[in-house]
Amino acid sequence: MNATLGSGPDPQPPHARRETAVPASGAAAVPVRQRLAELRGPAVAPHPMDARALAALAANPGCERRALLDGAGVNKTALAQALGSPAAYGQSQFAFMRGNAFEARVKSDGGTELLRLLGADDPAAARTPDVSAAGPEGRTARTALALREATAEKTWTLLDHPMLALEVAGTPAYLEPDAVVVHPDGRWTVVEIKSFPMLDGSADPAKVGAAARQAAVYVLALERIAERVAGAEVGHRVLLVCPKDFSNLPTASLVDVRKQRSVTVRQLRRMRGVAELASALPPGTTFDPSEEPSELAAAVESVEAAYAPECLSACELAFHCRERAREAGAVETLGRGVRGELGGLTTVAAVLDAAEGRAGDPADPTVAALRRAAALRAEALGGAAAPTGAGV
Ligand code: SF4
């Protein structure tokens with residue numbers, strides 16, 4: 001990310017942002033907002049980036065394709081559909097409804113149970129200010145004001161669905177945590193309510209990890225506000241609320257997100273700015289789902305991707321990118337670990353050539369290891385002659 005986190009400029013609503021021109025290659029410079037609107041299609045409303053998307057983006061900072069599409073507000077689900085590779089990724093309608101019902105239950109008593117879990121003596125006396133307002137910019141401003149007032153008043157305060165802003169790759173992302181609690185001592189705690197069960201006090205580590213990454217994004221956004229509020233401190237332990245065992249009763253656990261926070265900061269700093277990525281595209285490039293699939297495919301291919309099998313559970317374009325990676329014989333399809341081990345060998349064909357002695361420098365440790373493995377395989381399969389240059 002070009003704009004720094006935690007020390008960069010405050011996130012600004014789109015209409016207040018200073019317009020920078022995108023010198024599209026071979027075309028007259030156009031304002032960045034106009035260029036991003038052209039990229040997603042003139043009739044397509046910008047798709048908001050939420051904390052889940054942001055956490056997934058931060059998990060794959062090398063993917064310029066996702067950074068550009070998310071930054072421009074392109075609807076990747078519609079794009080994948082138009083490309084003929086619809087996403088199998090996303091929350092089912094049933095899971096969505098179950099999650100909403102559980103959250104409503106947890107908050108049905110005005111949030112007193114949540115406040116009790118955080119140590120409030122008299123949760124019924126806590127303040128629950130209204131943070132609703134028109135549009136994301138209005139809600140973000142209202143939230144910042146409510147946080148400032150609650151910190152100054154030193155009273156337990158519950159903000160139900162506040163809105164936070166974080167600048168990502170040069171564009172603002174609006175984020176909506178389930179709740180934020182302000183403690184009388186000025187601490188702010190993020191509350192995440194999830195519908196996966198906590199069995200005997202522990203939950204599925206993969207799901208807890210995903211929730212922690214999402215909560216870490218909220219913590220980062222809150223830190224931007226806390227910097228300007230005297231006496232405020234953002235807690236790095238978030239309250240994760242889940243159904244207890246197989247019941248619908250809430251139980252909670254404090255999850256330390258310091259590690260996820262620092263990883264997210266580091267990853268987001270590595271991302272190139274959206275304006276810079278857009279400027280590298282050929283003039284006329286668009287990701288408008290109403291365009292011809294062949295043109296859309298060419299547009300998507302014009303932006304560098306970093307496919308990994310993890311994309312399958314994190315990005316709507318995963319099937320499209322996997323197909324292209326397979327067509328290219330890219331070793332990325334085998335996983336990041338294997339990719340890292342193979343060094344400069346970037347295709348499956350190059351790996352096989354190196355292993356079977358047709359190419360590669362025998363002094364290269366990767367090539368030597370591949371040849372040794374090929375020889376061992378041949379031996380195990382019946383004493384076939386070791387490949388030329390196997391060195392064993
Ligand atoms: S699926 Fe494609 S666009 Fe999405 S993160 Fe992976 S490589 Fe990037």
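# Close-up views of a predicted protein model

Of the 392 residues of the protein, 40% count as buried. Please keep in mind as you look around that this is a predicted model.

**Figure 1. The whole chain at a glance, with its 15 helices and 10 strands.** Welcome to the overview, the place to get your bearings. Contacts that reach far along the chain are worth a look here: among those between residues at least 6 apart in sequence, 63% join residues at least 24 apart. As for confidence, the mean pLDDT of the protein is 85, and 89% of its residues reach 70 or more. Residues 1-20 have a pLDDT below 50, and this stretch makes 37 contacts in the model beyond near neighbours in sequence. Where pLDDT is low, the predicted coordinates should not be read in detail.

**Figure 2. Helix α3, residues 64-71, is largely enclosed by the rest of the structure.** Why can we say that α3 is largely enclosed? A residue is buried if 20 or more other C-beta atoms lie within 10 Å of its own, and 8 of the 8 residues of α3 are buried, so the rest of the structure largely encloses this helix. You can find them one by one: Glu64, Arg65, Arg66, Ala67, Leu68, Leu69, Asp70 and Gly71. Which elements do these buried residues pack against? Their partners are the helices α2 (51-59), α4 (76-82), α10 (274-279) and α11 (293-301), together with the strand β5 (171-175). Following α3 comes Gly73, with a positive phi near 75°.

**Figure 3. Around the ligand, α3 and α12 (318-327) each supply at least two residues of the shell.** Here α3 from the previous view appears again, in another setting. Around the ligand sit Asn60, Cys63, Arg65 and Arg66, and further along the chain Ala305, Ala306, Tyr307, Cys311, Cys315, Leu317, Ala318 and Cys321. Arg65 and Arg66 also belong to the buried residues of α3. How many residues of the shell are nonpolar, polar and charged? The shell divides into 9 nonpolar, 1 polar and 2 charged residues.

**Figure 4. Helices α2 and α8 (residues 205-226) pack with their axes 8 Å apart.** The angle between α2 and α8 is about 105°, and the two helices are therefore roughly perpendicular to each other. To trace the meeting point, look on the α2 side for Ala51, Arg52, Leu54 and Ala55, and on the α8 side for Arg213, Gln214, Val217 and Tyr218. By class, this contact of α2 with α8 holds 5 nonpolar, 1 polar and 2 charged residues. Helix α2 is also one of the elements that the buried residues of α3 pack against.

**Figure 5. Helices α14 (residues 348-355) and α15 (residues 365-380) pack at an angle of about 70°.** Their axes lie 8 Å apart, and α14 and α15 are therefore roughly perpendicular to each other. From α14, the contact is made by Val351, Ala354 and Ala355, while α15 brings Val367, Leu370, Arg371, Ala373 and Ala374. What classes of residue make up this contact? There are 7 nonpolar residues, no polar ones and 1 charged residue in the contact of α14 with α15. Also in helix α14 is Leu352, which counts as partly exposed because it has 15 C-beta neighbours inside 10 Å. Leu352 and Val367 are 15 residues apart in sequence, and their C-alpha atoms are 9.9 Å apart in space.

**Figure 6. Lys154 and His161 are loop residues on either side of β3 (157-160).** Lys154 lies in the loop between α7 (135-153) and β3, and His161 lies in the loop between β3 and β4 (164-168). Phi of Lys154 is positive, near 55°, in a residue other than glycine. For His161, also a residue other than glycine, phi is positive and near 50°. Are these two buried or exposed? Lys154 counts as partly exposed because it has 13 C-beta neighbours inside 10 Å, and His161, with 15, also counts as partly exposed.

**Figure 7. Ser247 sits in the loop between β9 (237-243) and β10 (250-256).** With 9 C-beta neighbours inside 10 Å, Ser247 counts as exposed. How far apart are Ser247 and Leu199, in sequence and in space? The two are separated by 48 residues in sequence and by 10.0 Å in space, C-alpha to C-alpha.

Notes:
Residues numbered from 1 in each chain as written. Predicted model: local features only at pLDDT ≥ 70, side-chain atom pairs only at ≥ 80, totals over all residues. Buried ≥ 20, exposed ≤ 12 C-beta atoms within 10 Å, placed from the backbone. Helix = DSSP H or I, 4+ residues; strand = E, 2+ residues; numbered from the N terminus. Contact = placed C-beta atoms within 7 Å. Near = placed C-beta within 6 Å. Nonpolar A, V, L, I, M, F, W, Y, C, P; charged D, E, K, R; others polar. Axes fitted to C-alpha atoms, helices over the stretch in contact; angles between N-to-C directions. Parallel < 35°, antiparallel > 145°, perpendicular 65-115°, else oblique. pLDDT = per-residue confidence, 0-100.
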